[in-house]
Every structure is written in C-alpha cells, then in structure tokens.
Amino acid sequence: MSAANNPLNKSGEPVTWNFKLLAQNDLGGFGGMGEGMSVQIAKDGRRIIWLAHESAPKNFTGVDVSDPRNPKVVVQTDLPKPYMRSNSLELSGDIMAVAYQTQKVNQQPAGLELFDVSVPEKPRSISFLDCSGANSRGVHQLWFCDGEYVHMAAGSPDFEPSHPLDDQFYRCIDVRNPAKPVEVGRWWMPGTKKGETPLTRHKLDKGYRAHNTNVYKQRKDRLYLCYIDGGMFVMDITDKSKPKPISHWTNSPPYTGFMHTAVPLFDRGLLIVTDESTENKAEDWPKLVWIVDARDEKSLVSIATCPLPPVDAYANRGGRFGAHNIHENPPVPTAWQSDQIVIGTFFNGGLRAYDISNPYQPKEVGTFVPPPPKGTPAGAVQLNDVFVDERQIVYTVDRHTGGLYTLEMDF
Amino acid sequence: MNSPFPSPAAGQFGRRLKRERGARLPVTVITGFLGAGKTTLLKRFLTTAEGQGTAVVVNEFGATGIDDVLVRPSADETVLLGNGCLCCITRTDLQQALRRMVIERERGELPDFRRIVIETSGLADPSPILQTFATDRALGGVFHVEAVVTVVDAVTGGDTLAWSAEARKQAILADRLIITKTDIAGEGASTALAARLRALNPGAEIHEAINGEIDPACLAEPASDQRNAFVAETAHSDGIGSFVLEIDEPLPWPVFAKAMDALMQLRGPDLLRVKGFLNVKDCKGPVVVQFVQHLAHPPVELEHWPDRNRRSRVVFITRNILEPQVRGLLAALQNLI
C-alpha cells in the first residue's frame, strides 16, 4: 500500500503518540506565534508564559498557565506599526526583552525594548535601544537569561552589509542598568560587511545573518552562534568587546543552509544543531536536527540526525515540513533541563521528541501532530516553537492561527 | 553503557523512564482455547475508543472471524479494519511479521498503529510469544508486552483445564483472566471456574465478559505491577508453581544478575516467567526486571517508585524451582560478590 493510498495518512491526519494534549488556546484569535517563549513565576505565584507573535498586529501575549489544562490570556499588546514584528522575546526575573524587526530597512521603530512585567497585566516599558538604520531591519532574535546581557541577532545604523540579506550580526548589549542598554561587543561573519571579500551565495540564498545567540551559565565565556547560510560558530566571549571564533561547522553545501539553533549539552560533550525549513512543500528538504560531537570544541563532528517520517507523507499537507526550533535548556529556574531528550518543532511535522541516550542513534519517542487549526491559511498545522517548563509541561505554538498547545510528556 | 557521551542524569540502566514500556509500542497477547471467545472479545474491543489504532496479529493458520469488520481486502496478509485498525494474519514467523509491520509503518505504507494485539492459536503455549519480545535483538527495543490476557469460557473451560496442560499454562501465565459465556453456563459454573483459575493463578485479575462486553482497559492497559505482592507460594500440577521473592534491603545489581544468569543457564526451560520490581543499590527508582525462560528483557529503571513500599518483589512462575533455591543462590552470590 502506498502512502498516498493509506487512508490514515491523508492530509492533516493528527498523530498523538506518547504526548498527552492538555489544552489549546487560540489566544483570542491572534494565534500566529513566533519563536519567543519564556516562563515567569509572578510575585503572586501565578505562572505566566510570555509568547512572541509571528507578525503584526500583536506584539506579545502573556498567558496564565498555572493550570496547564486551562490556560488564560492575561495580557496581549499591540505593535505600533503594521510593518513591525516582534518574533523573539526572553525573560529574566521580571524584566522582559523584546526584539523588533521591520519589513524593510530604514523603518522605525526597530530595535530592542525592555519591559518590567512584575505586574503581568501591565507591562511597563523601561527602555528602548534603537537599531534602525539605512541598512538595518532591526532585531530578529535575542537571548536574555542572566539579567545582565542581551545577546542578539541585529542590524545597526553604523553597519553596511555587503549583501542586503546579511544585515543582522551578533550584538551583545549590557542591560545591567535596564534604563540604559548599551552595546559592549559585536561580531560579524567575515565577508558580510561591505568592503570585505563577499561570500559565495547559496542556492536558496537565505543570507549570512546571525540567528540564535545562545549563552549558558555553565560557560559564560562561550557563545553558540548560528549564522543561517553561514553555518554555526562556537565563539569565545571571555572579552565581550572582542568575540573570537573558536570553531565553525556547516552542513551546506551540500545542504541548503539556514542553520538556526545550536544547543550545547555540556556534560555530554554534544551540540544539538537545527536547520530551519523555510520553503513550502518541503522544497528545501531535508531540514534536520543534527547531533554534533563537541568533545573537542575546536573539532566539531556531526554524528547523527534525528529521524523524520517520510517526506512524501508530509510534503503536500500544507506549509512547511522540516526542522525549526528545539527546547534550548535556557539556564533559568523555570526551564526543564535535559541532555537525554531533544524536543523540537517541525512545522506540519508537528512536535517530536527524541531519546538521544545513544547519540549515534537518536530515537523518536513522542509525536504530536494536531489537526489543522481553525482558519489556518497553511492547510496544516505549522508548529513553530517549543518550551518545556521545570514541571515538564510542554508548550508549543502554531505559526498561523493555532496559538498555544499545552502537553504532558508520556515516555 | 560505555559511551563517549555519558549523561550524569542517566542511571546505570540508561534513561530513567516514567513507565515500564517507555516509548515502546504496547502489546497485548490474547490466549485461550478454541471457542473460548477470543475473537468476540477482540471484535468488541476494536469498536471502542481504546481500540482505535490497534494492529491485530492473528498468529495461526486459516484464521477466521474478524473478516466481517474489514473494510477492504489487501493483496498481502495485512488488511485494514473498520476504525483505523489493521489486521495481519501471519502464516510465517511472528517476529518476521512484526518486523515487517514496523518497517512499513515507518515508510507510511501502513497506518500509524499504536497498539498490537496478538491473538494466538487456541492451542498455543504463550511462552514462545513472550520470548519474541524479550531482547533488543528480537523485538524488545520496539515492543513491550503490557498484558497477557487469557480467555476461558464458563461452559467448557473447567473441563479443558482438567485435560489440557496447554490450557493450564495459558491460565498460569496470564496477567488477566477473562471468563466468557457466563450467561449460558449453568448456575455456579462461573463461580467454580473462577475458583479453579484463582487456584492456578492467584495473582491475576479475573473479569467476566458477556458477549464480549468488557472494560476495554482489560486489553488496553498494563497489568498492575503490584498484583502479585500478596501471592503466597502455590504449586500446580505439571510441577508448575509460583512464588514472590521479596527482599527488604537494596540488592547490588551484580548479585541479582549473576543469580539469574545461573538460573537461566541451568534451568532456563523451567523459568516460565519472572517479573517484578527490584530495589537495586544506588538506583533512584525501581528496576523492572523480566525473564522468559533463557531470555532476559533489558532492565528498565523507572523515575519513581509507585508507592512507599521499597521492597524488591519479583514474581517467579517456574517448573520445579522453589523459592528457597533462589534465595540460597542469591545468598551464596552475595557472599562472593
């Protein structure tokens, strides 16, 4: 029997295997979510998950998930301009950092905004760092876990890229005085600044830009930087003013670029590295989650990938199919820490959990592919990001209309 | 595991699991003599919500009975059933059939089944089927037997148990015993049969079904690991007996492992089924152990104990192996290791 003839493999067929769905909330009809998810324990004891939106009109949404079976929206804010998006956010204590990106260069506002969310219903702006400019679209992604520094993928008014798609690079912002954020360091991939020898463009040409900028308390002197078509870098940030590359790893070519996230598993000497699928109908297949031997951080070796179901079974379900975000073990008390399970979102491939006890043979241990959410233009679910809290409750979001799903792991 | 990438969060048996089966596919084995009502029970189960996504494997030649719920025939041995289940009538090796089903499922050629129910031949000894799932090399890495369910009919079951050693073995190895046809059996027949079954297998749950009506959980939920904690030693005909080995103090793993190695080597055919919780020294949760004759399932450490009882408790179903012999072996090894 072919996959096409299989009556259980038709478009949108839901799969729930070793996950238990607790609730779904479409967030008041604004359920198109980005890739920022962070959990706060409010002063009154409530557990609030802060969620970034994929695009305007909404800025961010706070959801009370104290009872994960009954999530309740407590606040939802609007962006000032329709051409803005705030795709990324992170929370440290009661301070939330939000990334603002514009559709085109030279649009305002584009930058970093800090909010005091000690009263979740009333987020209060503390400061704004302007990153707009003639060659900048602002901030795409940020990392903020220690209350001191925001590490971000951002443009800047004083940076002219050699190619318009290479406008966002690594910037480190000191926010120890949250009222006055100030840049303390930056690094761009050689070849991306105007005047440098240009880099060879990839087939799909998604740009040589910074994406995820992860820094962990276990190694405050290391930055795990993904650079989209430029692969990934392990960076020495002992001196934040002079970040230095230690090693570089890429899978493209022959793969098609867009390296997205690198999560170190320090105790095991491993790195989990993700691509992002950006093309519909799996035209950029395969986009994968890679297991990398990082015992010697100067010599990174790919040893496995997390297996996905046959592309034929998903390519035509609607939207994208392939890797994107994973739970990143953010070093905060409200995040689950695991070096044996990798949980990732794969757009219409849903949410998948892998046991990497044996990192040479990652094994899928849980799957959640919900039905197409109501009103989605994609025709299928497009799970975009995932966060697991310290209670081991799993939160995942749809990119278009589905909003927030809460789940329990059962494996 | 001698890994270049050890995880400090792992135990000596690998990742600690929330439940015994971990992420493996649950398997229910249905045994019972010809005409006992296995197929009726299964047909009813497949119409329930719990039965959705079940793959039925009929492990016998010329099986009939469930074809009236088929929606479409297939050129090969695998056919789709009414509610998204599928049925594989295996005329070859069970292991081969199951392996093929897993591969075809991964390729998207078979529905995404969530449970396997194996309906055995009426005359089958369930031991070889349990052995099929015992090791990683076989199918233990993919499947996990959650329950052995034995169906006995109230009309003829008593007689069958009296004359058939296979029927007795089916009853003795069961996690759940289901008495059928109680509505047409004579008054008192089912009570007498229940008493007979209780004597054969004091630890198993006993349920009654009428026209296949039974709580679907009987086929869809794991057998309780606590069920045998109270069982006293019982002896049966055929030399088959059962006892629960209970140990108060945490046991060093090498002691138990070596003892079981010796038992399997010396008396493998007589170890019909051994299963239980072990309190292993330096482990956080209980270690689930299971043996079938000369095969050992990979031990699994659970994240948590199910209750406050921290004693090791392992059920032995054996032929002519008694509790003092096992205790003596453990004591001897404890003195040596």
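Author: Two strands pair if DSSP finds at least two bridges between them, and the strands themselves are DSSP runs of E with at least two residues, just as helices are runs of H or I with at least four, both numbered from the N terminus. This is a predicted model, in which local features need pLDDT of at least 70 and side-chain atom pairs count only at pLDDT 80 or more, whereas totals for chains, interfaces and linings use all residues. Residues are numbered from 1 along each chain as its sequence is written, while chains are lettered from A and ligands numbered from 1 in the order in which they are written.

Reader: In the open sheet of chain A formed by four strands, what is the strand order, and is the pairing parallel or antiparallel?

Author: The order is 14-15-16-17, and the pairing is antiparallel. Strand 14 (139-143) and strand 17 (182-187) of chain A are the edges, each with a partner on one side only. Strand 17 of chain A is joined to strand 16 (residues 169-174) by five bridges in the antiparallel sense, and within this part of the sheet A:C172 stands opposite A:G185.

Reader: Which residues touch the most other members of the largest nonpolar core?

Author: A nonpolar core is a set of buried Ala, Val, Leu, Ile, Met, Phe, Trp, Tyr and Cys residues joined through C-beta atoms within 7 Å; buried means that 20 or more other C-beta atoms lie within 10 Å of the residue's own, exposed means 12 or fewer, and partly exposed lies in between, with C-beta atoms placed from the backbone. The largest core has 115 residues, and those touching the most other members are A:L51, A:L112, A:L225, A:Y227 and A:I272. If residues up to four places away in sequence are left aside, A:I272 touches A:V263, A:L265, A:V289, A:I291, A:I326 and A:V342. Apart from that core lies another, of 83 residues, which includes B:V29, B:L98, B:V152 and B:I214.

Reader: How should I read backbone geometry that departs from the usual, and where does A:N18 lie?

Author: Most residues other than glycine have a negative phi, and most peptide bonds are trans. A:N18, although not a glycine, has a positive phi of about 65°; this residue lies in the loop between strand 1 (15-17) and strand 2 (19-25) of chain A, and A:N18 is buried, because 21 other C-beta atoms lie within 10 Å. A:F258 likewise has a positive phi, near 60°, and with 27 C-beta neighbours inside 10 Å it counts as buried. A:F258 belongs to the loop between strand 21 and strand 22 of chain A, and A:P254 is found in the loop between strand 21 (244-249) and strand 22 (259-265). The bond from A:P253 to A:P254 is cis, with omega near 15°. Another cis peptide bond runs from A:Q108 to A:P109, with omega near -5°, and A:P109 sits in the loop between strand 9 (95-102) and strand 10 (111-116) of chain A.

Reader: How many helices and strands does chain B have, and why is its helix 5 described as largely enclosed?

Author: Chain B has nine helices and 16 strands, and 44% of its 337 residues count as buried. Six of the eight residues of helix 5 of chain B are buried, so this helix is largely enclosed by the rest of the structure; the buried ones are B:A167, B:R168, B:K169, B:Q170, B:A171 and B:I172. By contrast, B:E106, found in helix 2 (residues 94-106) of chain B, is partly exposed, because 14 other C-beta atoms lie within 10 Å.

Methods:
Contact = placed C-beta atoms within 7 Å.
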